[in-house]
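Dear colleague,

I am handing over the structure below, and I would be grateful if you could keep it open while you read the notes that follow it.

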Amino acid sequence: GRRITVRDIAAAKERGERWPMVTAYDAMTARVFDEAGIPVLLVGDSAAMVVYGYDSTLPVSVDDLMPLTAAVVRGSSRALVVADLPFGSYQASPQQALETAVRFMKEAGAHAVKLEGGRRVLPQVEALVSAGIPVMAHLGLTPQSVNAFGGYRVQGRGQSGDELMADAKDLEAAGAFSVVLECVPADLAERVTTSLSIPTIGIGAGPSTDAQVLVWQDLMGLTERPAKFVKKYSNLAEEMDRAVRAFADEVSGGAFPAPEHSYH
Ligand code: KIV
Ligand code: NA
């Protein structure tokens, strides 16, 4: 089978189909999600936290994310792989955005890129779209702006909801193929979703967006203090703790390896 494309994503909205997106940062998880039929995999700059152990997305670099992106592309065969452009790799100019996006496409094999922001990044979105690079936009709680927001808090309440709506419409007009809405009131996300012809992808944005995205470690129960918008579909932290303790016990007690694990 062939890869999902941005045209398939557009067609899904026309048919009123809802779809899931998850993050991935390595080949093996990418393969699991790909084989489960997840149509879009995001190599998020959330790797800053869940892979590299930083406490925000700001420190992660293009060089940090490039090999993860390449691994997710190699590990998947059907999903559209979106590379998140990290903080500082696109804000300076459309030229900088284009150079960064081209690296993700050429060197890592990404099929699309994502960047954060509204009207202030329109020149960047236009430059990428002109170059044939599909762009996923990201509005609401854009974590690369955490210092400007003064923390991780819901965005788009009251008047700023109109600003967000205007940003979304301008991003669509600039050629973005989709837009992530993070931590915004559900009624605002619903209004944006019905106002746009490109799909909205919600995270903490209520039930009305066209798609939903979660960081895989959050949905699997690996994250220590997940946000309110996270639903845990597994208890991986507990399961891994149990398993590694069992291994440790069997090593110290001599039960592992047994004869069937040994070469004779
Ligand atoms: O980096 C990330 O994981 C993201 C998603 C949460 C949308 O940007
Ligand atoms: Na991100």
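**What was found**

In strand S2, Val 40 is the bridge partner of Met 21. Please bear in mind from the start that this is a predicted model, and that the notes below describe that model.

The two residues just named belong to a pairing between strand S1, which covers residues 19-23, and strand S2, which covers residues 40-43; these strands run in the parallel sense and are joined over 3 bridges. In general, the strands of a sheet pair through backbone hydrogen bonds, and they can do this in either a parallel or an antiparallel way. Here the pairing is parallel, and it belongs to a closed barrel of 8 strands that runs in the order S1-S2-S3-S4-S5-S6-S7-S8. On average, neighbouring strands of this sheet are turned by 25° against each other, if direction is ignored.

Further along the barrel, S6 and S7 also pair in the parallel sense, over 4 bridges, and within this pairing Val 179 stands opposite Thr 200 in S7. Which residues cover the two faces of S7? Thr 200 and Gly 202 lie on one side, Ile 201 and Ile 203 lie on the other, and all of them are buried, so that both faces of the strand are covered.

Between S6 and helix H9 there is a loop that holds Cys 183, a residue with a positive phi of about 50° although it is not a glycine. Is Cys 183 buried or exposed? It has 22 C-beta neighbours inside 10 Å, and therefore Cys 183 counts as buried, since the cut-off for that word is 20 or more.

Helix H8, residues 160-174, is a good place to practise a simple check, because its 15 residues, at 1.5 Å a residue, should span 21 Å, and its end C-alpha atoms are indeed 21 Å apart, which agrees. The buried residues of H8 are Leu 164, Asp 167, Ala 168, Leu 171 and Ala 174. Seen down the axis of H8, these buried residues fall within an arc of 125°, so they line one face of the helix. On the other side of H8, by contrast, Asp 162, Ala 166 and Ala 173 are exposed. What covers the buried residues of H8? The cover includes helix H6 (122-130), strand S5 (135-140), S6 and H9. Just after H8 comes Gly 175, which takes a positive phi of about 110°.

Looking at the protein chain as a whole, you will find it divided into domain 1, residues 6-233, and domain 2, residues 235-264, and the C-alpha centres of these two domains lie 38 Å apart. In the segment after helix H11, which itself covers residues 236-253, you will find Ala 258, and Pro 257 lies in the segment after H11 as well. A cis peptide bond, with omega at about 0°, joins Phe 256 and Pro 257. Why does Ala 258 count as exposed? The reason is that Ala 258 has 9 C-beta neighbours inside 10 Å, and a residue with 12 or fewer is called exposed. Finally, Ala 258 and Lys 232 are 26 residues apart along the chain, and their C-alpha atoms are separated by 35 Å.

With best wishes

Key: Residues are numbered from 1 along each chain as its sequence is written. Chains are lettered from A and ligands numbered from 1 in the order in which they are written. This is a predicted model: local features need pLDDT of at least 70, side-chain atom pairs count only at pLDDT 80 or more; totals for chains, interfaces and linings use all residues. Two strands pair if DSSP finds at least two bridges between them. Axes are lines fitted to C-alpha atoms, for helices over the stretch in contact, and angles run from 0 to 180 degrees between N-to-C directions. The expected span of a helix is 1.5 Å times one less than its number of residues. The arc is that of the directions from the helix axis to the C-beta atoms. Two residues are in contact if their C-beta atoms, placed from the backbone, lie within 7 Å. Domain bounds come from an automatic or database domain assignment.
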